[in-house]
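Work through these short exercises with the model open beside you. Try each task before reading its solution.

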Amino acid sequence: MKFVIQRVLKGEVAVNDSIVGSIHKGYVVFAGISDSDTRETAEKMVHKMLNLRIFEDERGKTNLSLQDVDGEILVISQFTLYADCRKGNRPSFINAGKPDYANTLYEFIIALCQEECHTVQHGEFGADMKVSLINDGPFTIVLDSEELLKSK
């Protein structure tokens with residue numbers, strides 16, 4: 001599982017020219033899911049994401065979590081995070097999760113976020129989406145479950 005987390009001042013996603021999700025200060029999260037990912041993987045990834053201290057405190061230090069700043073979340077499914085570009089110039093997406101399985105985990109990720117955050121918006125799985133955001137910083141973090149779950 002891979003999350004690309006962008007700290008934002010604003011984010012929104014549209015499908016067929018209609019806004020389906022919109023947030024203010026918080027995270028826009030692009031979530032890529034593989035067939036080897038599990039609900040346990042999702043739980044660990046969401047826990048880590050929600051507890052990242054990447055918002056500034058009163059001294060300008062990145063010391064506050066999403067909950068500390070009453071932040072919002074916009075989750076976007078992003079199978080292209082599993083692009084394999086090693087051969088040729090056209091990426092292969094064979095490592096991305098099969099749609100039914102990936103959608104189930106995507107919905108589970110959204111539900112986990114909703115348990116901890118007052119505003120959770122999301123895109124439409126499998127749709128052609130237009131995402132816009134104002135990155136704050138810019139500040140972007142990549143969480144990869146293979147790295148996160150390695151033995152220490």
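The exercises below go from one helix to the cores, a pocket, a few single residues and the backbone.

This is a predicted model, in which local features need pLDDT of at least 70, side-chain atom pairs count only at pLDDT 80 or more, and totals for chains, interfaces and linings use all residues. Residues are numbered from 1 along each chain as its sequence is written, and side-chain values use heavy atoms, with hydrogens and water left out.

**Exercise 1. Helix H2**

Task: find the span of H2, its buried residues and the elements they pack against.

Solution. Step one: locate H2 at residues 99-116. Helices (H or I, at least four residues) and strands (E, at least two) are DSSP runs, numbered from the N terminus. Step two: check the span. H2 has 18 residues and covers 26 Å from first C-alpha to last, close to the 26 Å expected at 1.5 Å a residue. Step three: list the buried residues (under 20% relative accessible area; exposed is over 50%, partly exposed in between; 1.4 Å probe, protein chains only). They are Ala102, Leu105, Tyr106, Phe108, Ile109, Ile110, Leu112 and Cys113. Step four: look for partners. These buried residues pack against strand E1 (2-15), helix H1 (39-51), strand E6 (72-77) and strand E7 (120-122).

**Exercise 2. The nonpolar cores**

Task: describe the largest nonpolar core and say which element gives the most to it.

Solution. Step one: fix the term. A nonpolar core is a set of buried Ala, Val, Leu, Ile, Met, Phe, Trp, Tyr and Cys residues joined through side-chain atoms within 4.5 Å. Step two: the largest one has 30 residues, and Phe3, Tyr27, Met49, Ile73 and Ile109 have the most contacts inside it. Step three: E1, E3, H1, E6 and H2 each give two or more residues to this core. H2 gives the most, with 8 residues. Step four: another core, of 10 residues, lies apart from it, with Val8, Val28, Leu74 and Ile76 among them.

**Exercise 3. The largest pocket**

Task: state which classes of residue line the largest pocket.

Solution. Step one: 17 residues line the largest pocket, and Ser77, Gln78, Phe79, Thr80 and Gly126 lie nearest its centre. Step two: strand E3 (26-32), E6, H2 and E8 each supply at least two lining residues. Step three: sort by class. The lining has 11 nonpolar, 6 polar and no charged residues.

**Exercise 4. Leu52 and Thr62**

Task: is Leu52 buried or exposed, and how far apart are Thr62 and Leu52?

Solution. Step one: Leu52 sits in the loop between H1 and strand E4 (55-56). Its relative accessibility is 16%, so Leu52 counts as buried. Step two: Thr62 is in strand E5. Thr62 is partly exposed, because its relative accessible area is 39%. Step three: the two are 10 residues apart in sequence and 9.5 Å apart in space, C-alpha to C-alpha.

**Exercise 5. Backbone exceptions**

Task: which peptide bond is cis, and what is phi at Asn16 and Asp70?

Solution. Step one: recall the background. Most residues other than glycine have a negative phi, and most peptide bonds are trans. Step two: the cis bond joins Gly137 and Pro138, with omega about -5 degrees. Pro138 lies in strand E8 (residues 129-144). Step three: phi of Asn16 is near 55 degrees, a positive value. Asn16 belongs to the loop between E1 and strand E2 (18-23). Asn16 counts as exposed because its relative accessibility is 70%. Step four: phi of Asp70 is also near 55 degrees. Asp70 is in the loop between strand E5 (62-64) and E6.

Technical notes. Expected span 1.5 Å × (residues − 1). Contact = heavy atoms within 4.5 Å. 1 Å grid on protein atoms, 1.4 Å probe; cavity = no way out; pocket = protein on both sides within 12 Å on 5 of 7 lines; lining within 4 Å. Nonpolar A, V, L, I, M, F, W, Y, C, P; charged D, E, K, R; others polar.
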